[in-house]
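I sat down with this one to see what holds the chain together and how the two copies meet. Notes follow in the order I looked things up.

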Protein chains: 2
Amino acid sequence: MKRFEGNRESILNELRTQRQTQQTDNQQIEQQVRDIIQQVRTAGDSALKELTLAFDAVQLETLKVPDAALKKAITDLDDSLLSALKQAKENILSFHQKQLPNGFIDTSRKGVVRGQLVTPLDAVGVYVPGGTAAYPSSVLMNVLPAKLAGVGRIVMVTPPGKNGIPAAILAAAKLAGVDDVYQIGGAQAIAALAYGTETIPKVDKIVGPGNIYVATAKKQVYGVTAIDMIAGPSEIAVLADDSANPAFVAADLLSQAEHDVMARAMLITNNAELADEVATELDKQVASLPRKTIARQALADFGAIILADNEEDMFAIANAIAPEHLEIQMTEPMMRLNQIRHAGSIFLGDYTSEPVGDYLSGGNHVLPTDGTARFYSPLNTTDFIKYSQFTYYSQNALTDDCENIALIARAEGLEAHARAVEIRCQKEETE
Amino acid sequence: MKRFEGNRESILNELRTQRQTQQTDNQQIEQQVRDIIQQVRTAGDSALKELTLAFDAVQLETLKVPDAALKKAITDLDDSLLSALKQAKENILSFHQKQLPNGFIDTSRKGVVRGQLVTPLDAVGVYVPGGTAAYPSSVLMNVLPAKLAGVGRIVMVTPPGKNGIPAAILAAAKLAGVDDVYQIGGAQAIAALAYGTETIPKVDKIVGPGNIYVATAKKQVYGVTAIDMIAGPSEIAVLADDSANPAFVAADLLSQAEHDVMARAMLITNNAELADEVATELDKQVASLPRKTIARQALADFGAIILADNEEDMFAIANAIAPEHLEIQMTEPMMRLNQIRHAGSIFLGDYTSEPVGDYLSGGNHVLPTDGTARFYSPLNTTDFIKYSQFTYYSQNALTDDCENIALIARAEGLEAHARAVEIRCQKEETE
């Protein structure tokens, strides 16, 4: 695991070099995805079946998963797991409910009413990746905020897999209130959601993570529908002072590192002794992990133990990283919140291990990665609504503003704009 | 001007055909933009100067416009225009101020604190197009919401032009509180804002309209920085019943049509007589417009007079179009708001001509176009902030949730996640 120390700037420079991931030349993938999208636009359902046979080696009879299969998945699920997912659902709902914005209306000026409406999206598509592991928690995280926002129709797409869709995924879909599940994946699923087919409805927004084909397809349909962010490698930064427990810190770094070999686990401390102890704990704890090969590789390639000169530098480095997950294992953690400028999700104190947020506390676990917490937010209910402005002017109010409107319009060379207002300004008292 | 009538579905199908703009093959532009971005990333300021010489035929001494030039622009501006822009500024501020979201904190469960912080972006870049006309109103619309959100640094880029940057643009920049103005435009300006150069700061979000090169560059840097929407052709739909004044309706359609030959002006009515009268008024009014050639072309190619069977169909058609601007020139316009599902900005009643919103009422005029009001919002203060979640768990709270967290983690095959929690659950009473 690489160590970084010295002054703030030199640490940040070294980190930047380490984090520079290979610029892959994706032109081939981009062309392939463009072709897939075109194929789905042209041939609809039959293209989806052909592509599923080609990429997933599954011959589909129907695209839609019958509702009975969803109900059965709930019944079949281990009771304690179902109960845990139900608690997660309740906590996600109670947290995200607080994010719902209100519209407003402003009547402060005579003859003028201005305001903003909030309306939910009509239809949303949620992509759930296939592969070896199933992530029912991600289904809840993507679907429930849309549900709370009042989205009319929520559909889910996920690759069929040779053994069918994992029961936990179907159960989570049912639990979250997904309207329809379609057993398609890859770029073809994104194309179907963006443009619609005979069976799959065209949606207004596509959310959910996926592999490079899914991500490329999302970027290509961006503008045709809205999309959530393009997810990069997952990351955690742990801010720890001498009060921190090295075993806890190491356990959290490992929970990040086990995700995949690109995962970034970083300790930022001002205490050299703690840095050493965490390194020792990492070696000890990693040895017994089922995913130790992945975790070790991630720590070797992207792990970082950063020894900063002082607390101020610790926070400056964390803000420069703008991590997806940020833990503060320091004294008085709540008092440190105002030193954080950029982070997706912040975990305060010795006992708020990051998996608490992944699974149960109710915040979202779909978070901005790779420094994009500088400008993106965790997935939230406002991702599933949009605003419409509205304005009413009486004739008197318009008459009062007539000259100024016409002045600006003519300064911009737009005579018809000026006339559209002037034709109405009669100085009659009709208000 | 094309007429559409019949049942709702047939009208919508015909409209879709008319609105299908030529799918241009932009691969050449995309490659050109990719090269420009690479050039700026490699050579920074010197590339900017070279590209400005090549594309704008201007030899730049410095990239930054001196602050003295901004101050002078304010002094030189026509007093009445300055005063009109000041009124616009006040109205924009009072409207957008109501959009600012609050963070929240939830302490409803013992031992758990959850919440959400709201923080402004550090730096924003505003693109202002060059060309024959200057749009100071757009400067206010793009800059003021960022200012209200608390963005730390707001920079503006705009092509130098052979006669320099129009004074109205510089004055509006000063009035809105732009920190720095740089005289560069095109894809090279977007590249500079996304990656930074010796002189131009890297920003977190780029907003503002531009030509195809600017739009392509914005799409290419999307993810490196955030961007606002990609703007399509401007559009208006006017809903009018027999109470509407045909001269007013025609004037508003023309104020849309004069923008450019791609602009879409649509009347939706259930009254055949009104449809005829508006057509007559259009012919009459267009004849004396300075931009009559543009307006006539826009009306011929994209204009629509839509005769619907009834009011319900009128609203269904409007919602299917999801227009950027929607006027309701009908009786009791405010009562119609709940029939609108998708529209960027709604103008209520006979006297709320669309240019009122373009220039003075205070709503934003940067709006979702081309049907994207289905999922995008008008530019607003939330475009310049982001959220960070935070969570605190006491040891007791964590111990209570320990089993459920570990259960879900193991169901997802993530053992290190389960252990990171379990290592902390000691059932000690340390809360």
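**Salt bridges.** Before hunting for pairs I fixed my cut-off: a salt bridge is a side-chain nitrogen of Lys or Arg within 4 Å of a carboxyl oxygen of Asp or Glu. I should also note that I'm working from a predicted model. My first pair was Arg8(A) with Glu312(A), whose closest N and O atoms are 3.3 Å apart, so it makes the cut-off. Arg8(A) sits in helix H1 and Glu312(A) in helix H12 (residues 311-321), so this pair ties together parts of chain A that are 304 residues apart in sequence. I checked how open each end is: Arg8(A) is partly exposed at 27% relative accessible area, while Glu312(A) is exposed at 56%.

Next I pulled up Lys174(A) and Asp67(A), which meet at 3.6 Å, N to O. That one joins helix H6 (residues 167-176) to helix H3 (residues 67-76), so it bridges parts 107 residues apart in sequence. Both ends are partly exposed, Lys174(A) at 31% and Asp67(A) at 32%.

Then I looked at Arg410(A) and Glu422(A), a salt bridge at 2.9 Å, N to O. Arg410(A) belongs to helix H14 (residues 395-411) and Glu422(A) to helix H15 (residues 415-422), with their positions 12 residues apart in sequence. I get 37% relative accessibility for Arg410(A), partly exposed, and 33% for Glu422(A), also partly exposed. I also found a network built from salt bridges with shared partners: Asp122(A), Asp204(A), Arg341(B) and Arg374(B). Over all chains, the whole structure has 48 salt bridges.

**Chain A overall.** I counted 15 helices and 14 strands in chain A. Its C-alpha trace spans about 85 × 60 × 45 Å along the principal axes. Of its 431 residues, 61% count as buried. Looking at contacts between residues at least 6 apart in sequence, I see that 74% join residues at least 24 apart.

**Helix H7.** How many residues of helix H7 are buried? I get 9 of the 10 in this stretch, residues 186-195 of chain A. Among them are Gln188(A), Ile190(A) and Leu193(A). The buried residues pack against helices H2 (27-56) and H8 (212-221), plus strands S4 (123-127), S5 (153-157) and S7 (205-207). Right after H7(A) comes Gly196(A), with a positive phi near 80°.

**Two buried spots.** I went back to helix H1 (residues 8-19) for Leu15(A), which is buried at 2% relative accessibility. Leaving out residues up to four places away in sequence, Leu15(A) touches Phe4(A), Ala304(A), Ile306(A), Ile317(A) and Ile321(A). Its C-alpha is 7.9 Å from that of Phe4(A), 11 residues away along the chain. Arg336(A), in the loop between S12 and strand S13 (345-348), is buried too, at 9%. Its contacts beyond four places in sequence include Asp241(A), Glu311(A) and Phe315(A).

**Binding-site positions.** I checked UniProt, where an unreviewed entry lists Ser234(A), Gln256(A), His259(A), His325(A), Asp358(A), Glu412(A) and His417(A) as "binding site". They cover 184 residues of sequence and lie up to 56.9 Å apart between C-alpha atoms. Is His325(A) buried or exposed? His325(A) is buried, at 2% relative accessible area. It is part of strand S12 (residues 325-329) and touches, among others, Ser234(A), Gln256(A) and Asp358(A). His259(A), in the loop between helix H9 (246-257) and strand S10 (264-269), is partly exposed at 26%. His259(A) contacts Ser234(A), Arg291(A) and Ile294(A), and also Leu414(B) and His417(B) from chain B.

**The A-B interface.** That sent me to the interface, where 124 residues of chain A are in contact with 123 of chain B. The buried area is about 10400 Å², with carbon and sulfur atoms giving 57% of it. Tyr222(A), Gln389(A) and Arg424(A) supply 8% of what chain A buries there, more than any other three residues. I found 8 salt bridges between the chains, including Arg374(A) with Asp204(B) at 2.6 Å, N to O. On the chain A side, the residues divide into 57 nonpolar, 42 polar and 25 charged.

Terms used:
Residues are numbered from 1 along each chain as its sequence is written. Chains are lettered from A and ligands numbered from 1 in the order in which they are written. This is a predicted model: local features need pLDDT of at least 70, side-chain atom pairs count only at pLDDT 80 or more; totals for chains, interfaces and linings use all residues. Side-chain values use heavy atoms; hydrogens and water are left out. UniProt positions are given in the numbering used here, feature names are shortened, and annotations may be inferred rather than shown by experiment. Helices (H or I, at least four residues) and strands (E, at least two) are DSSP runs, numbered from the N terminus. Buried means under 20% relative accessible area, exposed over 50%, partly exposed in between (1.4 Å probe, protein chains only). Contact means heavy atoms within 4.5 Å. Buried area is the accessible area (1.4 Å probe) that two parts lose on being put together, summed over both. Ala, Val, Leu, Ile, Met, Phe, Trp, Tyr, Cys and Pro count as nonpolar, Asp, Glu, Lys and Arg as charged, and the others, Gly among them, as polar.
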